[in-house]
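Here is a short report on a single protein chain, written for someone who likes to keep the coordinates open while reading. Please have your viewer ready.

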Amino acid sequence: MKKVKDTGSKRAGVRPSSDSRCTRLGGICQPKRYICQGRYLKDKCTGTKTRQCCMPAGAWSVLCAGHHNNRVRACDVFACGAFNSRRRDNLHKAVDLVCDDYGIINAPFSGSLAGPVGRTGPEGIQYDGVKLVSDVHCVKLFHIRPYRYIGAVSQGEALGYLLPLQDRFSGITSHMELQMCDGSDPSPFI
């Protein structure tokens, strides 16, 4: 009988029992030596660790109308927009996507609007976004004024418009904030 070292973690070395964790996201499991036109996601496929989930580039729609892609905000005088970038004493658990003030924000995927989301600031709670859920994904979209807070939406459908950040933060790169409900990185999907 083969001895297994106890790491104290129940998830250590556990591989998925099927490829559904990849295929539900729109990916395909394949050996990493094959070219992937998008990005590889780890621990979503059965088999050896060399077999990973290839996610097509830009699996979600472009969120900001008038833009050709979902461009992550670079660093400006206020902060950087990449996932896990440093924000004062914390890490940024979202991605900031460059948009125009008052620009239309589109649904990245088909799903249902699940109500307003807010953030606690110096002025108290400010409802400045909406939650979008599907069978596979759950995201919070911040810095937008939604046209509505509940109901079904289709991928690419207009959700609302970007609130003007320049009014409060002169010199900031105008952006919307995209956050996964579970705090994971949305970058592979944009």
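What follows is a walk through salt bridges, backbone angles, surface and pocket features, and a few contacts across the chain. Please keep in mind that this is a predicted model.

**Salt bridges**

Let us begin with the charged side chains. How many salt bridges are there in the model? The count comes to six. A good place to start is Arg-73, whose side chain meets that of Asp-96 in a salt bridge with an N to O distance of 2.7 Å. This pair links distant parts of the chain: Arg-73 sits in the loop between β3 and β4 (86-87), Asp-96 belongs to strand β6, and 23 residues separate them. Arg-73 also forms a salt bridge with Asp-76, at 2.9 Å from N to O. Which residues are linked in a network of salt bridges? They are Arg-73, Asp-76, Arg-87 and Asp-96.

Is Arg-73 buried or exposed? Arg-73 counts as buried because its relative accessibility is 4%, and the cut-off for buried is under 20%. Its partner Asp-96 has a relative accessible area of 0%, so Asp-96 is buried as well.

Another salt bridge, between Glu-157 and Arg-148, has its closest N and O atoms 3.1 Å apart. Here the accessibility tells another story: Glu-157 is partly exposed, with a relative accessible area of 30%, and Arg-148 is partly exposed at 32%.

The three pairs described above are set out in this table.

| Pair | N to O distance |
|---|---|
| Arg-73 and Asp-96 | 2.7 Å |
| Arg-73 and Asp-76 | 2.9 Å |
| Glu-157 and Arg-148 | 3.1 Å |

**Positive phi angles**

If you like to check backbone geometry, two residues deserve a look. In general, most residues other than glycine have a negative phi. Asp-43 has a phi near 55 degrees, a positive value in a residue other than glycine. Asp-43 is placed in the loop between β2 (39-41) and β3 (51-55). With a relative accessible area of 34%, Asp-43 is partly exposed.

Tyr-102 also has a positive phi, near 65 degrees. Where does Tyr-102 lie? Its place is the loop between β6 (95-98) and β7 (104-106). The relative accessible area of Tyr-102 is 52%, so this residue counts as exposed, the cut-off being over 50%.

**A pocket and a surface patch**

Now for a feature that may interest you in grid-based work. The second largest pocket has a volume of about 340 Å³. Its lining is made of 16 residues, and those nearest the centre are Leu-25, Lys-44, Asp-182, Ser-184 and Phe-189. How do the lining residues divide by character? Eight are nonpolar, two are polar and six are charged.

On the surface, Val-77, Phe-78 and Phe-169 make a nonpolar patch of about 300 Å². Phe-169 is found in the loop between β13 (158-162) and β14 (175-180). Phe-169 has a relative accessible area of 31% and is therefore partly exposed; patches are made of residues with over 30%.

**Contacts across the chain**

Finally, here are some C-alpha distances between residues set apart in sequence. Cys-80, in the loop between β3 and β4, has its C-alpha atom 9.7 Å from that of Thr-173, with their positions 93 residues apart along the chain. Cys-80 is partly exposed, at a relative accessible area of 21%.

Ile-104 is part of strand β7. The C-alpha atoms of Ile-104 and Leu-63 are 8.3 Å apart, while the two residues are 41 residues apart in sequence. Ile-104 is partly exposed, with 29% relative accessible area.

Tyr-149 lies in the loop between β11 (144-146) and β12 (150-153). Its C-alpha atom is separated by 8.0 Å from that of Lys-131, which is 18 residues apart from Tyr-149 along the chain. At 29% relative accessibility, Tyr-149 is partly exposed.

Terms used: Residues are numbered from 1 along each chain as its sequence is written. This is a predicted model: local features need pLDDT of at least 70, side-chain atom pairs count only at pLDDT 80 or more; totals for chains, interfaces and linings use all residues. Side-chain values use heavy atoms; hydrogens and water are left out. On a 1 Å grid over the protein atoms alone, a cavity is a set of points where a 1.4 Å probe fits but cannot get out, and a pocket is an open set with protein on both sides within 12 Å along at least five of seven lines; lining residues have an atom within 4 Å of a point. Grid points are joined across faces, edges and corners, and a volume is the space filled by probe spheres set on the points. Ala, Val, Leu, Ile, Met, Phe, Trp, Tyr, Cys and Pro count as nonpolar, Asp, Glu, Lys and Arg as charged, and the others, Gly among them, as polar. Patches are made of residues with over 30% relative accessible area and no salt bridge: like charges are joined within 9 Å, nonpolar side chains (Val, Leu, Ile, Met, Phe, Trp, Tyr) within 5 Å. Accessible areas come from the Shrake-Rupley method with a 1.4 Å probe; for residues, only the protein chains shown count as cover. A salt bridge is a side-chain nitrogen of Lys or Arg within 4 Å of a carboxyl oxygen of Asp or Glu. Helices (H or I, at least four residues) and strands (E, at least two) are DSSP runs, numbered from the N terminus. Buried means under 20% relative accessible area, exposed over 50%, partly exposed in between (1.4 Å probe, protein chains only).
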